[in-house]
Amino acid sequence: MSKKTVFVTGASRGIGRAVVDRFLEDGWQVAMAARSLDVLKEIEAAHPGVSKAWHLDVSDRAEVDKVVAEAVEAFGGLDLVINNAGRGERTPIDAISDEDWHGMISVNLDGPMFVTRAALPHIPKGGQIINVSSVLGKVGSAYSSAYCASKFGLIGFTKALALELAGRGIQVNAVCPGWVATEMAESGIVLEAEKLGIPTSTLRMKLMMDVPQRRFLEAEEIAHLMAYLATPGARGITGQAISICGGLCPA
Ligand SMILES: NC(=O)c1ccc[n+]([C@@H]2O[C@H](COP(=O)([O-])OP(=O)(O)OC[C@H]3O[C@@H](n4cnc5c(N)ncnc54)[C@H](OP(=O)(O)O)[C@@H]3O)[C@@H](O)[C@H]2O)c1
């Protein structure tokens, strides 16, 4: 049986890297895209033939079109697209520049649309798109208006597309993590603790008081959910925004 292929953005670290490892373990071919090409090239060298690396800034439409076309050519099609690349900053609304706002929207919302549009003609019946939103795509958070707007928007994109593509046998879902122990979460906590003038350990503890499981999730747990969504047994799941957050988000 021929191997299936997943295209993963933001594959160089954090959740994206865990997704790469998980799908390689599960016997998939993995097309990896991020700006840190050197990191991806190391993975490619460790998994020759079944993984391939591309430099990609998801906010650059022309580069997206080129990279997706090359990935399709390399692997003969794409069974699963995981729009994981993202950025996150907390800025009060009075201090957000046009550049900050558009930067966030272009990576977190335009990027998934560019990748999806380019990949769609090459996704067969039975294929799937998974968008990485956030619990902040479901509930607001002060000083995160740009991030929340992008992640709420990504859930809307997911739900509309799921209806549009159901007849073509393509599933579209969003995964909504809570706190996951990655560089994005860690750097955000360090910055915030500095602003508040408290130790990072105190802020970490404070944040965990809102999480019923009282812990950061591991990136591997998010990858595990995606691996499940990619199984035939999950083919009835589409148009969903699935929280994975230790109970942080009520729905
Ligand atoms: N960690 C959390 O607590 C958390 C919670 C909810 C949702 N999320 C979401 O999960 C996703 C992954 O986050 P993470 O925590 O794994 O963050 P991370 O460790 O900072 O990784 C982000 C990934 O996105 C890539 N990336 C950033 N900007 C990019 C761009 N313009 N074009 C292409 N790739 C880009 C980065 O690679 P390069 O720098 O090499 O390009 C990196 O591989 C994001 O969408 C994030 O919003 C995270």
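## The interface between the two domains

In this predicted model, domain 1 and domain 2 bury about 760 Å² between them, and 45% of that area lies on carbon and sulfur atoms. On the side of domain 1, the residues R13, R90 and L217 supply 57% of the area that this domain buries against domain 2, which is more than any other three residues supply. Counted by residues, the interface brings 11 residues of domain 1 into contact with 8 residues of domain 2.

The domain assignment of the protein gives domain 1 in two stretches, 5–178 and 217–243, while domain 2 takes up 181–216. When their centres are taken over C-alpha atoms, domain 1 and domain 2 are separated by 25 Å.

## Charged and polar links across the interface

Across the interface of domain 1 and domain 2 there are 3 salt bridges, and there are also 3 residue pairs in polar contact, with both residues of each pair at pLDDT 80 or more. Sorted by class, the side of domain 1 that touches domain 2 has 5 charged residues, together with 3 nonpolar and 3 polar ones.

R90 deserves a second look, since R90 is one of the three residues named above for their share of the area that domain 1 buries against domain 2. The side chain of R90 also meets the side chain of E192 in a salt bridge, with 2.9 Å from N to O.

## The second largest pocket

The second largest pocket has a volume of about 250 Å³, and 17 residues line it, of which G126, G127, Q128, Q171 and R235 lie nearest its centre. Divided by class, the lining of this pocket holds 7 nonpolar and 7 polar residues, along with 3 charged ones.

## Enclosed cavities

Besides pockets, the model can be searched for cavities, and the count comes to 2 cavities of 30 Å³ or more. The largest cavity has a volume of about 60 Å³, and the residues that line this cavity are E89, T91, I96, D100, W101, M104, Y143, S144, S145 and A146.

Definitions and conventions: Residues numbered from 1 in each chain as written. Predicted model: local features only at pLDDT ≥ 70, side-chain atom pairs only at ≥ 80, totals over all residues. Heavy atoms only, no water. Domains from an automatic or database assignment. Contact = heavy atoms within 4.5 Å. Buried area = accessible area lost by both parts, 1.4 Å probe. Salt bridge = Lys/Arg side-chain N within 4 Å of Asp/Glu carboxyl O. Polar contact = N/O pair within 3.5 Å; in protein donor to acceptor, adjacent residues only side chain to side chain. Nonpolar A, V, L, I, M, F, W, Y, C, P; charged D, E, K, R; others polar. 1 Å grid on protein atoms, 1.4 Å probe; cavity = no way out; pocket = protein on both sides within 12 Å on 5 of 7 lines; lining within 4 Å. Points joined across faces, edges and corners; volume = space filled by probe spheres on them.
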